[in-house]
Amino acid sequence: MGLMRADTYRLTKGKMWMPFATLIIIAIAVSGLIYLALNVDWISLSAEGGTELTTADKDILTQMLTGTQVAQIMLSFTIVLAMAFISIFSNLWSIEFSAGVAKNVLVSGVSRTTFYFSKLATGWAVGALMLVVYTMAIGISAQLFVGHLDFGALVLSMLAQLPLYLALITIGFFLFIIIPKESIAIVTYILVFLFSETIISNLVNVFLPKWTIIKDMFLFNKIGVMSDLSTLSQHAITTNILTGIAYMVIFTILGWLVFRYKEIK
């Protein structure tokens with residue numbers, strides 16, 4: 001608990017507010033852009049003397065998306081939080097080793113297990129807070145710009161995504177443990193998030209067409225899908241949540257095993 005309190009204090013006194021501010025700005029900006037797309041008479045603006053949209057046409061445009069649908073679309077942009085999580089890995093893990101802090105802490109008598117799990121738990125807490133802040137910013141922005149927002153449905157989607165995002169954070173910590181150089185770890189994390197499942201899916205389709213069950217084990221695509229629970233069956237929702245928990249457990253253990261025997265300079 002002492003390490004977690006120290007990390008929390010250091011994060012609050014440092015520049016960790018910047019990712020949170022960025023998430024809020026993104027939520028407001030995207031909501032505003034969607035509002036403009038739905039309500040501005042683009043035809044009249046782009047063509048002088050052109051045929052203007054009728055009132056009926058404008059009504060159709062403004063009714064295309066509700067605030068709930070806008071919020072769910074934005075919640076499906078998983079890359080936003082995935083990139084924000086990089087600040088967690090850098091501030092909670094990489095900086096500790098580059099500055100020699102980790103070695104001093106371990107020499108002082110703190111076990112590697114305590115050190116590892118305190119960092120991971122703090123990372124989970126910060127990541128969960130990021131998800132909450134981003135979701136609330138999305139919800140408030142969508143309500144102000146578009147209206148007709150179901151906050152209950154939005155909160156349920158957020159809670160359903162939480163174990164999947166925590167699994168992503170766990171994978172990120174694992175990559176930063178096995179790759180000591182921060183810049184390479186960041187690039188690897190981004191490439192894994194963006195391309196790993198697409199590449200594996202294509203390989204399965206070409207070489208292992210009967211092994212489609214492998215694609216059911218994908219994690220990253222499931223995060224975006226969970227933004228709208230109304231389109232999923234209860235079985236699919238449960239399966240996705242359990243998938244996130246399974247990844248959390250597996251990569252938590254792998255990270256712990258690697259860190260126990262990792263040379264610290």
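## Close-up views of a helical chain

**View 1. Helices H10 and H11 are oblique to each other.** This model is predicted. H10 covers residues 151–178, and H11 covers residues 182–207. The two helices pack at an angle of about 140°. Their axes lie 9 Å apart. Angles over 145 degrees count as roughly antiparallel, and 65 to 115 as roughly perpendicular. The angle of about 140° falls in neither range, so the pair counts as oblique. The crossing of H10 and H11 is right-handed.

**View 2. Helix H7 meets helix H11 in a roughly antiparallel arrangement.** H7 spans residues 86–98. Its axis and that of H11 come within 11 Å. They cross at roughly 150°. Why does this pair count as roughly antiparallel? The cut-off is an angle over 145 degrees, and the crossing of roughly 150° passes that mark, so H7 and H11 are roughly antiparallel. H7 passes H11 in a right-handed crossing.

**View 3. The whole chain is the setting for the other views.** The chain holds 13 helices and 0 strands. Read from the N terminus, its elements run α-α-α-α-α-α-α-α-α-α-α-α-α. There are 265 residues in the chain, and buried residues make up 40% of them.

**View 4. The second largest pocket is lined by 14 residues.** Its volume is about 190 Å³. Which residues lie nearest the centre of the pocket? They are Val 192, Ser 196, Phe 220, Tyr 247 and Phe 251. Three helices, H10, H11 and H13 (234–260), each supply at least two residues of the lining. H11 gives the most, with 4 residues. By class, the lining has 12 nonpolar, 1 polar and 1 charged residues.

**View 5. Gly 32 sits in helix H2.** This helix runs over residues 17–39. Is Gly 32 buried or exposed? Its relative accessible area is 13%. Buried means under 20%, so Gly 32 is buried. Look next at Leu 144. Along the chain, Gly 32 and Leu 144 are 112 residues apart. In space, their C-alpha atoms are separated by 9.4 Å.

**View 6. Thr 113 lies in helix H9.** H9 takes in residues 112–145. The relative accessibility of Thr 113 is 31%. Partly exposed is the class between 20% and 50%, so Thr 113 counts as partly exposed. The view also includes Leu 257. Thr 113 and Leu 257 are 144 residues apart in sequence. From C-alpha to C-alpha, the two are 9.3 Å apart in space.

**View 7. Met 226 is found in a loop between two helices.** The loop lies between helix H12 (220–225) and H13. What is the relative accessibility of Met 226? The value is 0%. The limit for buried is under 20%, so Met 226 counts as buried. Its partner in this view is Leu 164. Met 226 and Leu 164 are 62 residues apart along the chain. Their C-alpha atoms are separated by 9.3 Å.

Methods. Residues are numbered from 1 along each chain as its sequence is written. This is a predicted model: local features need pLDDT of at least 70, side-chain atom pairs count only at pLDDT 80 or more; totals for chains, interfaces and linings use all residues. Side-chain values use heavy atoms; hydrogens and water are left out. Buried means under 20% relative accessible area, exposed over 50%, partly exposed in between (1.4 Å probe, protein chains only). On a 1 Å grid over the protein atoms alone, a cavity is a set of points where a 1.4 Å probe fits but cannot get out, and a pocket is an open set with protein on both sides within 12 Å along at least five of seven lines; lining residues have an atom within 4 Å of a point. Grid points are joined across faces, edges and corners, and a volume is the space filled by probe spheres set on the points. Ala, Val, Leu, Ile, Met, Phe, Trp, Tyr, Cys and Pro count as nonpolar, Asp, Glu, Lys and Arg as charged, and the others, Gly among them, as polar. Axes are lines fitted to C-alpha atoms, for helices over the stretch in contact, and angles run from 0 to 180 degrees between N-to-C directions. Angles under 35 degrees count as roughly parallel, over 145 as roughly antiparallel, 65 to 115 as roughly perpendicular and the rest as oblique. A crossing is left-handed if the near helix is turned anticlockwise from the far one by less than a right angle, and right-handed if clockwise.
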